[in-house]
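Thanks for making time this morning. I would like to talk through the ligand site and the enclosed spaces of one structure, and I will take the two topics with the file open in front of us.

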Amino acid sequence: MLEKAKSLLQPSARSGVPPFMVMDVMVAAARLEAQGRRIVHMEVGQPAAGAPATAIAAARAALSAGPHGYTETLGIASLRRRIARAYGEWHGLDIEPERVVVTTGSSAGFTLAFLAAFEAGDRVAVAVPGYPPYRHILTALGCEPVLIETNQQTRWSITSESLLARHRERPLKGVIVGSPANPTGTMMTTAALADLIRCAEDAGIAVISDEIYHGLDYAFAAESAARLSSDAIIVNSFSKYFCMTGWRIGWLVVPPSLLRAIERLQQNLAISVPTLSQIAAEAAFDGRAELERVKHGYEENRRILLDGLPRAGLDTFLPVDGAFYLYADISRFSADSFDFATRMLDQAGVAATPGVDFDPLQGRKFLRLCYAGARDDMHQAVERIGNWLAK
Ligand SMILES: Cc1ncc(COP(=O)(O)O)c(C=O)c1O
(Lines give C-alpha, C1' and ligand atoms only; values in the text may rest on other atoms or scores of the structure.)
Protein backbone atom coordinates (compact mmCIF):
# COMPACT_ATOMS: atom_id res chain seq x y z
CA MET A 1 0.00 0.00 0.00
CA LEU A 2 2.80 2.35 1.00
CA GLU A 3 4.65 1.52 -2.24
CA LYS A 4 1.55 2.34 -4.32
CA ALA A 5 1.10 5.73 -2.65
CA LYS A 6 4.72 6.56 -3.35
CA SER A 7 4.40 5.79 -7.03
CA LEU A 8 1.25 7.92 -7.41
CA LEU A 9 2.62 11.02 -5.73
CA GLN A 10 6.12 12.05 -6.70
CA PRO A 11 7.98 14.95 -5.03
CA SER A 12 7.90 18.17 -7.03
CA ALA A 13 11.07 19.29 -8.76
CA ARG A 14 11.29 22.36 -6.50
CA SER A 15 11.27 20.21 -3.36
CA GLY A 16 14.55 18.64 -4.49
CA VAL A 17 16.75 20.80 -2.28
CA PRO A 18 19.93 19.22 -0.89
CA PRO A 19 19.96 17.78 2.63
CA PHE A 20 21.80 19.45 5.52
CA MET A 21 24.93 17.31 6.06
CA VAL A 22 25.31 18.41 9.66
CA MET A 23 22.33 16.15 10.36
CA ASP A 24 24.27 13.16 8.99
CA VAL A 25 27.16 14.03 11.32
CA MET A 26 24.70 14.19 14.24
CA VAL A 27 23.34 10.73 13.43
CA ALA A 28 26.87 9.30 13.17
CA ALA A 29 27.81 10.93 16.51
CA ALA A 30 24.68 9.53 18.19
CA ARG A 31 25.55 6.04 16.90
CA LEU A 32 29.01 6.26 18.50
CA GLU A 33 27.50 7.53 21.75
CA ALA A 34 25.11 4.59 21.77
CA GLN A 35 28.22 2.37 21.73
CA GLY A 36 29.44 4.11 24.88
CA ARG A 37 31.87 6.60 23.29
CA ARG A 38 32.13 10.15 24.71
CA ILE A 39 31.77 12.59 21.81
CA VAL A 40 32.58 16.31 21.89
CA HIS A 41 29.78 18.00 19.97
CA MET A 42 30.83 20.96 17.84
CA GLU A 43 28.62 20.22 14.86
CA VAL A 44 25.25 21.82 15.59
CA GLY A 45 24.93 25.60 15.71
CA GLN A 46 22.89 26.08 18.82
CA PRO A 47 23.49 27.32 22.36
CA ALA A 48 24.03 24.64 25.00
CA ALA A 49 22.15 26.87 27.46
CA GLY A 50 18.36 27.04 27.60
CA ALA A 51 16.04 30.04 27.54
CA PRO A 52 16.62 32.58 30.34
CA ALA A 53 14.80 32.01 33.63
CA THR A 54 12.61 35.06 33.00
CA ALA A 55 11.27 33.45 29.81
CA ILE A 56 10.63 30.08 31.50
CA ALA A 57 8.83 31.75 34.42
CA ALA A 58 6.58 33.75 32.07
CA ALA A 59 5.77 30.63 30.04
CA ARG A 60 4.94 28.66 33.24
CA ALA A 61 2.65 31.40 34.48
CA ALA A 62 0.93 31.67 31.11
CA LEU A 63 0.48 27.89 30.94
CA SER A 64 -1.39 27.89 34.23
CA ALA A 65 -3.45 30.92 33.25
CA GLY A 66 -4.47 29.60 29.76
CA PRO A 67 -6.24 29.41 27.33
CA HIS A 68 -3.85 30.08 24.45
CA GLY A 69 -5.71 30.95 21.32
CA TYR A 70 -4.37 32.47 18.14
CA THR A 71 -2.82 35.91 18.44
CA GLU A 72 -2.86 38.76 15.96
CA THR A 73 -1.07 37.58 12.82
CA LEU A 74 1.73 40.13 13.12
CA GLY A 75 2.34 39.18 16.76
CA ILE A 76 1.23 40.20 20.26
CA ALA A 77 1.30 44.01 20.37
CA SER A 78 3.39 44.21 23.57
CA LEU A 79 6.03 41.89 22.08
CA ARG A 80 6.22 43.97 18.90
CA ARG A 81 6.65 47.08 21.05
CA ARG A 82 9.35 45.38 23.13
CA ILE A 83 11.29 44.32 20.04
CA ALA A 84 11.05 47.85 18.61
CA ARG A 85 12.31 49.24 21.94
CA ALA A 86 15.33 46.92 21.75
CA TYR A 87 16.51 48.74 18.61
CA GLY A 88 16.68 51.89 20.71
CA GLU A 89 18.69 50.07 23.39
CA TRP A 90 21.03 48.28 20.98
CA HIS A 91 21.48 50.81 18.18
CA GLY A 92 19.95 54.10 19.35
CA LEU A 93 17.25 53.64 16.71
CA ASP A 94 13.63 54.65 16.74
CA ILE A 95 11.75 51.79 15.04
CA GLU A 96 7.95 51.95 14.81
CA PRO A 97 6.47 48.81 16.44
CA GLU A 98 4.12 48.56 13.42
CA ARG A 99 7.15 47.60 11.29
CA VAL A 100 7.89 44.57 13.48
CA VAL A 101 6.49 41.19 12.40
CA VAL A 102 6.79 38.24 14.80
CA THR A 103 7.63 35.00 12.93
CA THR A 104 8.12 31.30 13.61
CA GLY A 105 11.88 31.58 13.90
CA SER A 106 13.88 33.56 11.39
CA SER A 107 13.40 30.57 9.07
CA ALA A 108 9.75 31.51 8.53
CA GLY A 109 10.86 35.15 8.29
CA PHE A 110 12.94 34.29 5.22
CA THR A 111 10.02 32.58 3.48
CA LEU A 112 7.76 35.56 4.18
CA ALA A 113 10.37 38.11 3.10
CA PHE A 114 11.25 36.27 -0.11
CA LEU A 115 7.59 35.74 -1.04
CA ALA A 116 6.75 39.37 -0.35
CA ALA A 117 9.73 40.92 -2.12
CA PHE A 118 10.50 38.58 -5.05
CA GLU A 119 8.76 36.97 -8.00
CA ALA A 120 9.48 33.45 -9.19
CA GLY A 121 12.52 33.62 -11.45
CA ASP A 122 14.08 36.61 -9.64
CA ARG A 123 17.81 36.42 -9.07
CA VAL A 124 19.02 36.89 -5.49
CA ALA A 125 22.69 37.09 -4.50
CA VAL A 126 24.00 35.02 -1.58
CA ALA A 127 27.54 34.73 -0.25
CA VAL A 128 29.51 31.50 -0.33
CA PRO A 129 30.42 30.19 2.10
CA GLY A 130 26.99 30.89 3.56
CA TYR A 131 24.00 29.51 5.41
CA PRO A 132 22.57 26.81 3.07
CA PRO A 133 18.83 27.47 3.62
CA TYR A 134 19.18 30.91 1.98
CA ARG A 135 19.86 29.13 -1.30
CA HIS A 136 17.50 26.26 -0.68
CA ILE A 137 14.47 28.36 0.36
CA LEU A 138 14.98 30.62 -2.66
CA THR A 139 15.17 27.57 -4.92
CA ALA A 140 12.04 26.00 -3.42
CA LEU A 141 10.18 29.28 -4.03
CA GLY A 142 11.27 29.35 -7.68
CA CYS A 143 13.83 32.15 -7.31
CA GLU A 144 17.40 31.80 -8.50
CA PRO A 145 20.15 32.01 -5.87
CA VAL A 146 23.22 33.63 -7.40
CA LEU A 147 26.34 32.52 -5.55
CA ILE A 148 29.00 35.15 -4.96
CA GLU A 149 32.28 33.66 -3.85
CA THR A 150 33.97 35.54 -1.02
CA ASN A 151 37.60 35.40 0.04
CA GLN A 152 40.23 36.94 2.26
CA GLN A 153 40.48 40.04 0.03
CA THR A 154 36.76 40.77 0.51
CA ARG A 155 36.96 39.83 4.20
CA TRP A 156 34.67 36.90 3.39
CA SER A 157 31.68 39.09 2.56
CA ILE A 158 29.92 40.25 -0.59
CA THR A 159 31.30 43.65 -1.64
CA SER A 160 29.67 46.34 -3.75
CA GLU A 161 32.10 45.45 -6.58
CA SER A 162 31.31 41.72 -6.54
CA LEU A 163 27.58 42.45 -6.30
CA LEU A 164 27.52 44.93 -9.18
CA ALA A 165 29.65 42.61 -11.34
CA ARG A 166 26.96 39.89 -11.07
CA HIS A 167 24.21 42.49 -11.55
CA ARG A 168 25.78 43.55 -14.85
CA GLU A 169 25.77 39.93 -16.08
CA ARG A 170 21.99 39.69 -15.49
CA PRO A 171 20.00 41.94 -13.15
CA LEU A 172 19.67 40.91 -9.52
CA LYS A 173 16.53 41.62 -7.50
CA GLY A 174 17.97 41.04 -4.06
CA VAL A 175 21.01 40.32 -1.93
CA ILE A 176 21.21 38.56 1.43
CA VAL A 177 23.84 39.71 3.90
CA GLY A 178 24.64 38.13 7.26
CA SER A 179 26.95 39.62 9.87
CA PRO A 180 28.12 37.87 12.03
CA ALA A 181 27.89 35.11 9.44
CA ASN A 182 27.35 31.40 9.55
CA PRO A 183 29.55 29.34 8.95
CA THR A 184 32.47 31.75 9.05
CA GLY A 185 31.76 33.78 12.20
CA THR A 186 33.13 36.82 10.36
CA MET A 187 31.51 40.25 10.47
CA MET A 188 31.17 43.19 8.11
CA THR A 189 32.43 46.54 9.31
CA THR A 190 29.91 49.38 9.35
CA ALA A 191 31.71 50.95 6.37
CA ALA A 192 31.56 47.73 4.33
CA LEU A 193 27.88 47.16 5.13
CA ALA A 194 26.97 50.79 4.40
CA ASP A 195 28.80 50.71 1.07
CA LEU A 196 27.10 47.46 0.04
CA ILE A 197 23.63 48.69 1.00
CA ARG A 198 24.10 52.02 -0.79
CA CYS A 199 25.32 50.38 -4.02
CA ALA A 200 22.64 47.70 -3.91
CA GLU A 201 19.78 50.12 -3.35
CA ASP A 202 21.10 52.57 -5.99
CA ALA A 203 20.98 49.65 -8.43
CA GLY A 204 17.45 48.67 -7.37
CA ILE A 205 18.58 45.56 -5.50
CA ALA A 206 16.64 44.83 -2.28
CA VAL A 207 18.75 44.10 0.80
CA ILE A 208 17.81 41.39 3.29
CA SER A 209 19.98 41.48 6.39
CA ASP A 210 20.17 38.35 8.56
CA GLU A 211 21.01 39.66 12.04
CA ILE A 212 20.33 36.43 13.93
CA TYR A 213 23.81 36.46 15.54
CA HIS A 214 23.55 40.05 16.77
CA GLY A 215 24.45 40.26 20.43
CA LEU A 216 27.21 37.69 19.86
CA ASP A 217 29.97 39.99 18.64
CA TYR A 218 33.49 39.92 20.07
CA ALA A 219 35.81 41.69 17.60
CA PHE A 220 33.73 44.86 17.23
CA ALA A 221 30.07 45.90 17.57
CA ALA A 222 27.73 44.46 14.94
CA GLU A 223 25.95 47.07 12.83
CA SER A 224 22.26 46.78 11.96
CA ALA A 225 21.14 47.42 8.39
CA ALA A 226 18.15 49.14 10.03
CA ARG A 227 20.46 52.04 10.92
CA LEU A 228 21.66 52.33 7.33
CA SER A 229 18.45 51.93 5.35
CA SER A 230 14.70 52.10 5.93
CA ASP A 231 14.18 49.87 2.87
CA ALA A 232 16.28 46.91 4.06
CA ILE A 233 14.39 43.91 5.43
CA ILE A 234 15.85 42.90 8.79
CA VAL A 235 15.62 39.25 9.87
CA ASN A 236 16.29 38.31 13.49
CA SER A 237 15.47 35.60 15.99
CA PHE A 238 15.31 34.55 19.61
CA SER A 239 17.24 31.37 18.71
CA LYS A 240 20.86 32.39 19.26
CA TYR A 241 21.58 35.27 21.68
CA PHE A 242 18.36 34.50 23.58
CA CYS A 243 19.05 30.70 23.60
CA MET A 244 15.53 29.82 22.43
CA THR A 245 16.07 27.63 19.32
CA GLY A 246 13.29 25.15 20.12
CA TRP A 247 10.73 27.85 20.89
CA ARG A 248 10.71 28.69 17.18
CA ILE A 249 10.34 32.41 17.41
CA GLY A 250 11.91 35.29 15.52
CA TRP A 251 11.01 38.60 13.89
CA LEU A 252 11.29 40.83 10.88
CA VAL A 253 11.58 44.60 10.64
CA VAL A 254 10.07 45.47 7.28
CA PRO A 255 9.58 48.60 5.19
CA PRO A 256 5.98 49.85 5.48
CA SER A 257 5.46 49.13 1.76
CA LEU A 258 5.73 45.35 2.41
CA LEU A 259 3.87 45.17 5.70
CA ARG A 260 0.38 44.35 4.45
CA ALA A 261 1.71 41.79 1.93
CA ILE A 262 3.61 40.03 4.73
CA GLU A 263 0.57 40.14 6.97
CA ARG A 264 -1.60 38.55 4.26
CA LEU A 265 1.01 35.88 3.63
CA GLN A 266 1.41 35.01 7.32
CA GLN A 267 -2.40 34.98 7.79
CA ASN A 268 -2.58 32.28 5.14
CA LEU A 269 0.63 30.36 5.83
CA ALA A 270 0.56 30.25 9.65
CA ILE A 271 -2.37 32.29 11.02
CA SER A 272 -0.16 33.31 13.96
CA VAL A 273 3.03 32.38 15.80
CA PRO A 274 2.82 30.04 18.87
CA THR A 275 1.34 32.10 21.69
CA LEU A 276 3.37 30.62 24.52
CA SER A 277 6.61 31.31 22.64
CA GLN A 278 5.61 34.93 22.12
CA ILE A 279 4.94 35.38 25.83
CA ALA A 280 8.26 33.76 26.74
CA ALA A 281 10.13 35.84 24.15
CA GLU A 282 8.87 39.12 25.57
CA ALA A 283 10.07 38.09 29.03
CA ALA A 284 13.44 36.97 27.61
CA PHE A 285 14.39 40.64 27.24
CA ASP A 286 14.44 40.80 31.07
CA GLY A 287 16.99 37.96 31.20
CA ARG A 288 19.82 40.15 29.94
CA ALA A 289 22.20 39.44 32.86
CA GLU A 290 21.86 35.68 32.39
CA LEU A 291 22.28 35.96 28.62
CA GLU A 292 25.39 38.11 29.00
CA ARG A 293 26.89 35.39 31.23
CA VAL A 294 26.24 32.85 28.46
CA LYS A 295 27.90 35.19 25.97
CA HIS A 296 30.96 35.53 28.20
CA GLY A 297 31.14 31.73 28.18
CA TYR A 298 31.35 31.80 24.38
CA GLU A 299 34.07 34.43 24.61
CA GLU A 300 36.06 32.18 26.91
CA ASN A 301 35.48 29.18 24.59
CA ARG A 302 36.62 31.26 21.66
CA ARG A 303 39.81 32.20 23.51
CA ILE A 304 40.53 28.54 24.35
CA LEU A 305 40.20 27.55 20.68
CA LEU A 306 42.19 30.52 19.36
CA ASP A 307 45.01 29.66 21.78
CA GLY A 308 44.79 25.88 21.52
CA LEU A 309 43.91 24.96 17.95
CA PRO A 310 47.07 26.39 16.34
CA ARG A 311 49.12 24.33 18.82
CA ALA A 312 46.97 21.32 17.94
CA GLY A 313 47.78 21.81 14.24
CA LEU A 314 44.71 23.71 12.97
CA ASP A 315 46.27 27.11 12.49
CA THR A 316 44.39 28.69 9.59
CA PHE A 317 40.91 30.06 10.10
CA LEU A 318 38.75 32.95 9.00
CA PRO A 319 38.38 36.01 11.27
CA VAL A 320 36.58 34.72 14.37
CA ASP A 321 34.61 37.93 14.93
CA GLY A 322 31.23 36.83 16.22
CA ALA A 323 28.45 34.18 16.41
CA PHE A 324 29.93 30.96 17.85
CA TYR A 325 31.69 29.47 14.85
CA LEU A 326 35.27 28.93 13.84
CA TYR A 327 35.77 28.07 10.16
CA ALA A 328 39.08 26.26 9.79
CA ASP A 329 41.07 25.54 6.65
CA ILE A 330 41.95 21.82 6.72
CA SER A 331 43.39 21.62 3.18
CA ARG A 332 46.85 20.94 4.63
CA PHE A 333 45.50 17.60 5.91
CA SER A 334 42.83 16.56 3.42
CA ALA A 335 41.25 17.49 0.10
CA ASP A 336 37.86 16.28 1.33
CA SER A 337 36.36 17.90 4.44
CA PHE A 338 33.53 15.35 4.60
CA ASP A 339 36.05 12.51 4.85
CA PHE A 340 38.14 14.56 7.32
CA ALA A 341 35.08 15.22 9.52
CA THR A 342 34.06 11.55 9.37
CA ARG A 343 37.53 10.39 10.45
CA MET A 344 37.84 13.08 13.12
CA LEU A 345 34.54 11.94 14.61
CA ASP A 346 35.41 8.28 14.44
CA GLN A 347 39.05 8.47 15.57
CA ALA A 348 39.17 11.60 17.77
CA GLY A 349 35.56 11.68 18.98
CA VAL A 350 35.04 15.32 17.92
CA ALA A 351 31.99 16.09 15.78
CA ALA A 352 32.23 19.07 13.40
CA THR A 353 30.53 20.06 10.14
CA PRO A 354 32.27 19.76 6.77
CA GLY A 355 32.43 23.00 4.77
CA VAL A 356 30.72 21.36 1.78
CA ASP A 357 27.43 22.03 3.56
CA PHE A 358 28.02 25.77 3.27
CA ASP A 359 30.10 26.12 0.16
CA PRO A 360 29.69 23.94 -2.92
CA LEU A 361 32.78 25.60 -4.44
CA GLN A 362 35.57 25.58 -1.82
CA GLY A 363 33.91 23.79 1.11
CA ARG A 364 35.98 20.65 0.66
CA LYS A 365 38.86 22.60 2.23
CA PHE A 366 37.03 23.79 5.37
CA LEU A 367 35.51 22.56 8.61
CA ARG A 368 33.07 24.45 10.87
CA LEU A 369 33.51 24.12 14.62
CA CYS A 370 30.74 25.46 16.86
CA TYR A 371 31.95 26.72 20.24
CA ALA A 372 28.57 27.17 21.95
CA GLY A 373 29.19 24.15 24.22
CA ALA A 374 30.72 23.65 27.65
CA ARG A 375 34.16 25.07 28.47
CA ASP A 376 35.57 21.65 29.28
CA ASP A 377 34.52 20.44 25.82
CA MET A 378 36.72 23.13 24.25
CA HIS A 379 39.77 21.87 26.18
CA GLN A 380 38.82 18.31 25.23
CA ALA A 381 38.47 19.27 21.56
CA VAL A 382 41.89 20.93 21.46
CA GLU A 383 43.54 17.95 23.15
CA ARG A 384 41.78 15.30 21.06
CA ILE A 385 42.37 17.09 17.72
CA GLY A 386 46.01 17.68 18.65
CA ASN A 387 46.63 14.02 19.53
CA TRP A 388 44.79 12.85 16.43
CA LEU A 389 46.62 15.13 13.97
CA ALA A 390 49.96 14.22 15.57
CA LYS A 391 49.47 10.51 14.78
C1 LIG B 1 22.61 32.43 9.70
C2 LIG B 1 21.35 31.80 10.19
N3 LIG B 1 20.18 32.36 9.85
C4 LIG B 1 19.01 31.81 10.23
C5 LIG B 1 18.97 30.64 10.99
C6 LIG B 1 17.61 30.07 11.36
O7 LIG B 1 17.36 30.14 12.70
P8 LIG B 1 15.91 30.15 13.38
O9 LIG B 1 14.92 29.70 12.36
O10 LIG B 1 16.04 29.21 14.52
O11 LIG B 1 15.65 31.55 13.81
C12 LIG B 1 20.17 30.05 11.38
C13 LIG B 1 20.17 28.80 12.17
O14 LIG B 1 21.16 28.18 12.43
C15 LIG B 1 21.38 30.64 10.96
O16 LIG B 1 22.58 30.12 11.30
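Before I name any element, let me say that helices, of at least four residues, and strands, of at least two, are DSSP runs numbered from the N terminus. Please also keep in mind throughout that what you are looking at is a predicted model.

With that convention, I begin with the enclosed spaces, where strand E5, residues 174–178, gives the most to the lining of the largest cavity, contributing 3 residues. That lining is made up of 16 residues in total, and those nearest the centre of the cavity are Ala127, Pro129, Val177, Gly178 and Ala181. The space in this largest cavity comes to about 170 Å³, and its lining divides into 11 nonpolar and 5 polar residues, with no charged residue among them.

How many cavities of 30 Å³ or more are there by this rule? The count comes to 2, and the second largest holds about 30 Å³ of space. Its lining consists of Val177, Ser179, Leu193, Ser209, Asp210, Glu211, His214 and Glu223, which by class gives 2 nonpolar, 3 polar and 3 charged residues. Val177 is thus listed for the second largest cavity, and it is also one of the residues nearest the centre of the largest one.

Let me now turn to the ligand, which occupies the space of the largest pocket. The shell around the ligand has 14 residues, and the closest are Ser107, Asp210, Tyr213, Ser237 and Ser239; Asp210, as I said, also appears in the lining of the second largest cavity. Helix H5, residues 105–117, gives the most to this shell, with 4 residues, and by class the shell holds 5 nonpolar, 6 polar and 3 charged residues.

Which side chains place a polar atom 2.7 Å or 2.8 Å from an oxygen atom of the ligand? For Asn182 the distance is 2.7 Å, and for Arg248 it is 2.8 Å. In the case of Ser239, an N or O atom of the side chain is 2.6 Å from an oxygen atom of the ligand. As for how far the ligand is covered, on its own it has 400 Å² of accessible area, and the protein covers 92% of that.

I will stop there and take comments.

Key
Residues are numbered from 1 along each chain as its sequence is written. This is a predicted model: local features need pLDDT of at least 70, side-chain atom pairs count only at pLDDT 80 or more; totals for chains, interfaces and linings use all residues. Side-chain values use heavy atoms; hydrogens and water are left out. A residue is near a molecule or strand if one of its heavy atoms lies within 4 Å of it. A polar contact is a pair of N or O atoms within 3.5 Å; within protein, one must be able to donate a hydrogen and the other to accept it, and residues adjacent in sequence count only if both atoms are side-chain atoms. Accessible areas come from the Shrake-Rupley method with a 1.4 Å probe; for residues, only the protein chains shown count as cover. On a 1 Å grid over the protein atoms alone, a cavity is a set of points where a 1.4 Å probe fits but cannot get out, and a pocket is an open set with protein on both sides within 12 Å along at least five of seven lines; lining residues have an atom within 4 Å of a point. A molecule sits in a cavity or pocket if more than half of its atoms lie within 2 Å of its grid points. Ala, Val, Leu, Ile, Met, Phe, Trp, Tyr, Cys and Pro count as nonpolar, Asp, Glu, Lys and Arg as charged, and the others, Gly among them, as polar. Grid points are joined across faces, edges and corners, and a volume is the space filled by probe spheres set on the points.
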